[in-house]
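Please open the model in your viewer and keep the selection tool at hand, since this tour moves from one selection to the next.

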Amino acid sequence: MTHYQRVLLKLSGEVFGGGQVGVDPDVVQKIARDVAEVARSGVQVAVVTGGGNFFRGAELQQRGMDRVRADYMGMLGIVMNCLALQDFLEKMDVETRVQTAITMGQVAEPYIPRRAIRHMEKGRVVIFGAGMGMPFFSTDTVAVQRALESKCEVVLVAKSGVDGVYSADPKKDPSATKYDDLTYDEAIGKGLAIMDQTAFTLCSENRMPMIVFGLDTEGNVLRAVQGEKIGTLVHP
């Protein structure tokens, strides 16, 4: 039995590169297996990816590049990740559609919320690319906005190298403790950096729950969808 019927999965771009610049096919294939497992269970799935394995606008700005142009480059990097994930999903016989906020008709559909919902109702995985189509918006914010607009029940935030929300960075502070359950008010009060502030506020104001969990263990996405106690549940 699945706990949720329609979910949005947020993946960072760094995951796609396996910590390197570019796309690591072995990593993308593993992610595709996890997503395919959820889709085959009957759950409707949307995905938002980052593009940090190619470009990060804020970092390019620090090196002297115009921030607007750098952000648009990042959006194109996101689309490359989307196409890679689509390719591996379709090799697993999972029908997939990529929708982009920047029109690029030869490789993807334009972002149309009602069409995205219809695809999910037909059992297709929908991957949202090119961020918000505007500079200065992070893919965290895009993930929450797309989840709200496509009427998803939860945002699944899949992390690499960490299995939930901690009181401090567990890589730097061995005494950091993991939270199993948090309200948005508690997370804000403790100053926990889970997502960027805009995304977090959008989730809180619209009462959208999120589950933050580790992607390193295969099958974790399905476990989260089925309501198993993994990672950290952040809720109103």
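In what follows, a helix is a DSSP run of H or I with at least four residues, and helices are numbered from the N terminus. The model is a predicted one, and with that in mind you can begin by selecting Arg207, which follows helix H8 and has a positive phi, near 55°.

Step back from there into helix H8 itself, residues 197-205, and colour Ala199, Phe200 and Cys203, which are buried. If you look down the axis of H8, these buried residues fall within an arc of 100°, so they line one face of the helix. This fits a general pattern: an α-helix has 3.6 residues a turn, so residues three or four places apart point the same way. Now turn to the face of H8 directed away from its buried side, where the exposed residues Gln197 and Glu205 are found.

What lies over the buried residues of H8? Select helix H6 (139-149), helix H7 (184-190), strand E10 (210-214) and strand E11 (232-235), which are among the elements that cover them. Then go to the start of the helix, where a side-chain oxygen of Asp196 comes to within 2.9 Å of the backbone nitrogen of Thr198.

The next selection is the largest nonpolar core, which has 39 residues, and in which Leu9, Leu11, Leu85, Leu89, Val125, Leu156 and Phe213 have the most contacts. Helix H2, residues 25-40, contributes the most to this core, with 7 residues. A second core, separate from that one, has 31 residues, including Val126, Ala187, Ala199 and Phe200, and the last two of these you have already coloured as buried residues of H8.

Within the largest core, centre the view on Leu85: neighbours within four places in sequence aside, Leu85 is in contact with Leu11, Phe16, Val28, Ile31, Ala32, Val47 and Ile127. Move next to Gln86, in helix H4 (residues 67-91). Is Gln86 buried or exposed? With a relative accessibility of 17%, Gln86 counts as buried, because the cut-off is under 20%. Again leaving aside neighbours within four places in sequence, Gln86 is in contact with Thr96, Arg97, Val98 and Ile127.

Finish with the cysteines. Cys82 counts as buried at 0% relative accessibility, and its sulfur is 15 Å from the closest cysteine sulfur, that of Cys152, which is too far for a bond. Cys203 is likewise buried, at 0% relative accessibility, and the sulfur of Cys203 is 11 Å from its closest cysteine sulfur, in Cys152, again too far for a bond. With a cut-off of 2.5 Å between sulfur atoms, the count of disulfides is 0.

Conventions:
Residues are numbered from 1 along each chain as its sequence is written. This is a predicted model: local features need pLDDT of at least 70, side-chain atom pairs count only at pLDDT 80 or more; totals for chains, interfaces and linings use all residues. Side-chain values use heavy atoms; hydrogens and water are left out. A nonpolar core is a set of buried Ala, Val, Leu, Ile, Met, Phe, Trp, Tyr and Cys residues joined through side-chain atoms within 4.5 Å. Buried means under 20% relative accessible area, exposed over 50%, partly exposed in between (1.4 Å probe, protein chains only). Helices (H or I, at least four residues) and strands (E, at least two) are DSSP runs, numbered from the N terminus. Contact means heavy atoms within 4.5 Å. The arc is that of the directions from the helix axis to the C-beta atoms. A polar contact is a pair of N or O atoms within 3.5 Å; within protein, one must be able to donate a hydrogen and the other to accept it, and residues adjacent in sequence count only if both atoms are side-chain atoms.
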